[in-house]
Amino acid sequence: MLGLMQEWPLLCHKLIDNAERQHGGREIVSRSIEGPIVRTTYADIHRRALQVAERLEQDGFRLGDRIATLAWNTARHIEAWYGIMGIGAIYHTLNPRLFPEQIAWIMNNAEDRAIFVDLTFVPLLEKIAGQVKSLRQVIVLTDQAHMPQTSLPNAVAYEEWLAEADGVFAWKTFDENTAAGMCYTSGTTGDPKGVLYSHRSNVLHAMIAAMPDAMGISARDVILPVVPMFHANAWGLGQSAPMIGAKLVMPGCKMDGASIYELLDTEKVTFSAAVPTVWMMLLQYIEETGRKLPYLNKVVIGGSSCPRAITKKFQDNYDVQVVHAWGMTEMSPLGTLCTMKPEHENLEGEARLDLQGKQGFPPFGVEMKVTDDDNNALPWDGKTFGHLKVRGPAVARGYYGGVGSEQFDAEGWFDTGDVAHIDASGYMQITDRAKDVIKSGGEWISTIDLENLAVGHPDVAEAAAIGVPHSKWGERPLLVVVRKPGKEPSKNDILAFMNGKVAKWWMPDDVAFVSEIPHTATGKIQKISLRQQFKEYRLPTD
Ligand code: AMP
């Protein structure tokens with residue numbers, strides 16, 4: 001017998017409809033690419049998104065068309081997203097930090113037919129547009145007054161293009177499993193792979209992300225997504241914020257400490273999310289200038305492991321709660337968040353920081369397990385680490401074009417490529433990427449543990465651990481360190497600091513100092529090029 005409840009397809013435009021009806025006057029504040037701070041509301045965004053949808057349809061775009069965006073976080077980018085989805089087309093966020101050839105490859109693979117592009121990226125697009133066969137229209141996210149001279153064919157200014165539609169338009173309806181958005185993984189091994197979100201997965205993810213023990217956000221929050229919309233949907237905030245009706249503050253292209261601080265302060269931001277590097281810059285700025293953070297309640301930190309020093313400073317010096325989180329483009333992206341279960345609520349000091357160093361537990365909607373190489377489930381004992389596998393309604397079940405099928409098994413588990421352990425309370429901790437783990441004498445050494453420990457040294461700015469070939473052990477750890485400006489810690493200083501805090505056989509065999517560690521387009525340490533750089537390195541122990 002079937003239930004007698006209504007069919008109400010989970011379509012993304014219902015999120016923006018709800019924002020308009022219930023929270024129409026709530027502000028969306030953007031630092032515009034042209035410079036000034038621009039204020040709009042959910043009612044404005046809703047109306048203009050309808051115009052985008054109508055205007056795209058006038059230009060001949062239809063259900064299933066891939067429409068790229070190469071843009072920072074602004075209200076216009078949000079309007080473009082909802083307008084694109086509102087006709088059943090697919091927004092495709094491009095990461096401008098990738099190499100131009102890689103962006104062209106991705107656009108060709110997705111067969112993008114149109115693109116919304118910020119002024120910042122017009123020169124970049126000019127370089128590659130000729131290589132993208134499917135591209136037939138370019139909409140520059142500005143007005144005619146700011147429109148640059150450009151060689152881009154069919155380039156129009158967004159505001160004038162939009163004004164040709166009156167917005168008297170009804171969203172298209174379709175099955176909730178219809179594709180809504182697309183984002184490519186950064187492709188540190190091989191070509192990037194396309195992840196294709198559906199309307200249903202986006203709406204469910206928005207609900208999951210907002211739950212109290214996940215991001216815990218509400219209409220009373222003022223949300224600043226520093227994490228870009230091109231980095232895995234701004235971790236879902238582009239959908240969750242309209243769903244709950246929170247005021248949004250969009251940072252545009254300025255992510256330095258002073259610019260972020262200015263928005264946090266003037267807009268009274270209560271909640272924000274970003275990768276650790278952004279928070280390091282902000283904390284450095286407020287320490288140097290003696291500022292305070294009176295309004296900020298909570299920051300979600302993820303994308304790479306959150307150093308203990310950041311968590312400690314936020315909490316002890318500024319009374320801001322830190323939620324360490326882990327996720328992936330393939331997971332929409334939230335996987336786990338480190339909020340407190342009641343049994344941990346009274347933890348204090350170092351014990352609390354120990355727990356917060358973990359990536360946390362999954363909200364309802366994400367299942368996880370760790371397995372050995374033969375897919376046997378490993379115990380949740382907080383120390384046995386293995387391959388981290390996940391499944392859920394906002395987790396990919398395949399990549400665009402059917403590539404990478406070996407990461408998905410018959411029972412629906414997706415192999416994340418991360419290595420982790422899970423403790424008896426269900427808290428997961430990432431110890432490595434499977435391809436980065438150091439294998440010494442057949443046993444695994446966690447590079448993330450070594451790195452987290454090394455950056456705890458007061459004179460270390462950044463650290464990366466890599467495996468270097470060793471004739472006896474197969475591989476041994478080498479610690480690559482960037483010193484803080486004006487500081488000169490020696491190898492022995494750093495090793496002495498680490499000694500006793502990890503198993504003896506995990507201790508790096510050597511420390512190499514460099515001026516810079518290479519990073520990927522999403523801010524992660526680029527271990528492949530680091531290993532390449534040190535491939536001839538001879539350890540003193542060999
Ligand atoms: P992306 O799809 O670009 O967001 O990258 C996802 C990958 O980033 C994950 O598979 C992890 O390897 C890494 N990652 C994300 N969050 C964390 C975290 N909190 N700690 C350690 N690694 C993380």
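In this short talk I will walk through a predicted model of one protein chain with its ligand, starting from the domains and ending with a few unusual backbone geometries.

Let me begin with the overall division of the chain, which is assigned as domain 1 (13-26 + 38-199), domain 2 (366-433) and domain 3 (438-533). The C-alpha centres of domain 1 and domain 3 lie 41 Å apart, and the two domains do touch, with 6 residues of domain 1 in contact with 4 residues of domain 3.

Now to the ligand. Which residues come nearest to the ligand, out of the 15 around it? They are Ala325, Thr329, Gln359, Asp418 and Arg433. Sorted by class, the shell is made up of 3 nonpolar, 9 polar and 3 charged residues, and the element that contributes the most to it is strand E14, residues 321-327, with 4 residues.

Three side chains deserve individual mention here, each of them paired with an oxygen atom of the ligand. For Asp418, an N or O atom of the side chain is 2.6 Å from a ligand oxygen; for Arg433, a polar side-chain atom lies at 2.9 Å from a ligand oxygen; and for Lys524, the corresponding distance from an N or O atom of the side chain is 3.2 Å. As for how far the ligand is covered, taken alone it exposes 490 Å², and the protein buries 93% of that.

I turn next to some buried residues, beginning with Trp161, which sits in helix H6, residues 158-163. Trp161 counts as buried because its relative accessibility is 3%, against a cut-off of under 20%. Leaving aside residues up to four places away in sequence, Trp161 touches Val52, Arg55, Leu56, Asp59, Phe116, Gln137, Ile139 and Val156. Two of those partners can be described further: the side chains of Trp161 and Asp59 are joined by a polar contact of 2.8 Å, while Leu56, although 105 residues away along the chain, has its C-alpha atom 9.6 Å from that of Trp161.

His344 makes a second case, this one in the loop between strand E15 and helix H12 (349-356). With 11% relative accessibility, His344 is also classed as buried. Its contacts, again not counting residues up to four places away in sequence, are with Arg352, Leu355, Ser425 and Tyr427, and the side chain of Ser425 is joined to that of His344 by a polar contact of 3.5 Å.

A third case is Ser32, in the loop between strand E1 (27-31) and strand E2 (37-41). Is Ser32 buried or exposed? It is buried, with a relative accessible area of 12%, and its side chain reaches the backbone oxygen of Pro36 at 2.6 Å.

Staying with burial, but at the level of a whole element, helix H13, residues 447-454, is mostly covered, since 6 of its 8 residues are buried. Those buried residues are Thr447, Ile448, Leu450, Glu451, Leu453 and Ala454. At the start of H13, a side-chain oxygen of Ser446 comes to within 3.4 Å of the backbone nitrogen of Ile448.

Finally, the backbone. As a reminder, most residues other than glycine have a negative phi, and most peptide bonds are trans. Against that background, the peptide bond from Ser332 to Pro333 is cis, with omega near 15°, and Pro333 has its place in the loop between E14, the strand I mentioned at the ligand, and strand E15 (334-337).

Two residues that are not glycines carry a positive phi. Trp235 has a phi of about 55° and lies in the loop between strand E10 (222-225) and helix H8 (237-244). Lys268 likewise has a phi of about 55°, and its loop runs between helix H9 (257-266) and strand E12 (271-274). How buried or exposed are these two, at Trp235 and at Lys268? Trp235 is buried, with a relative accessible area of 6%, whereas Lys268 is partly exposed, at 44%.

To close, I would bring you back to the ligand, of whose exposed area the protein buries 93%, and to the side chains of Asp418, Arg433 and Lys524, which are the ones I would keep in view when looking at the ligand oxygens in this predicted model.

Key
Residues numbered from 1 in each chain as written. Predicted model: local features only at pLDDT ≥ 70, side-chain atom pairs only at ≥ 80, totals over all residues. Heavy atoms only, no water. Near = heavy atom within 4 Å. Polar contact = N/O pair within 3.5 Å; in protein donor to acceptor, adjacent residues only side chain to side chain. Areas by Shrake-Rupley, 256 points an atom, 1.4 Å probe, with all protein chains shown as cover. Helix = DSSP H or I, 4+ residues; strand = E, 2+ residues; numbered from the N terminus. Nonpolar A, V, L, I, M, F, W, Y, C, P; charged D, E, K, R; others polar. Buried < 20%, exposed > 50% of the residue type's maximum accessible area, 1.4 Å probe, protein only. Domains from an automatic or database assignment. Contact = heavy atoms within 4.5 Å.
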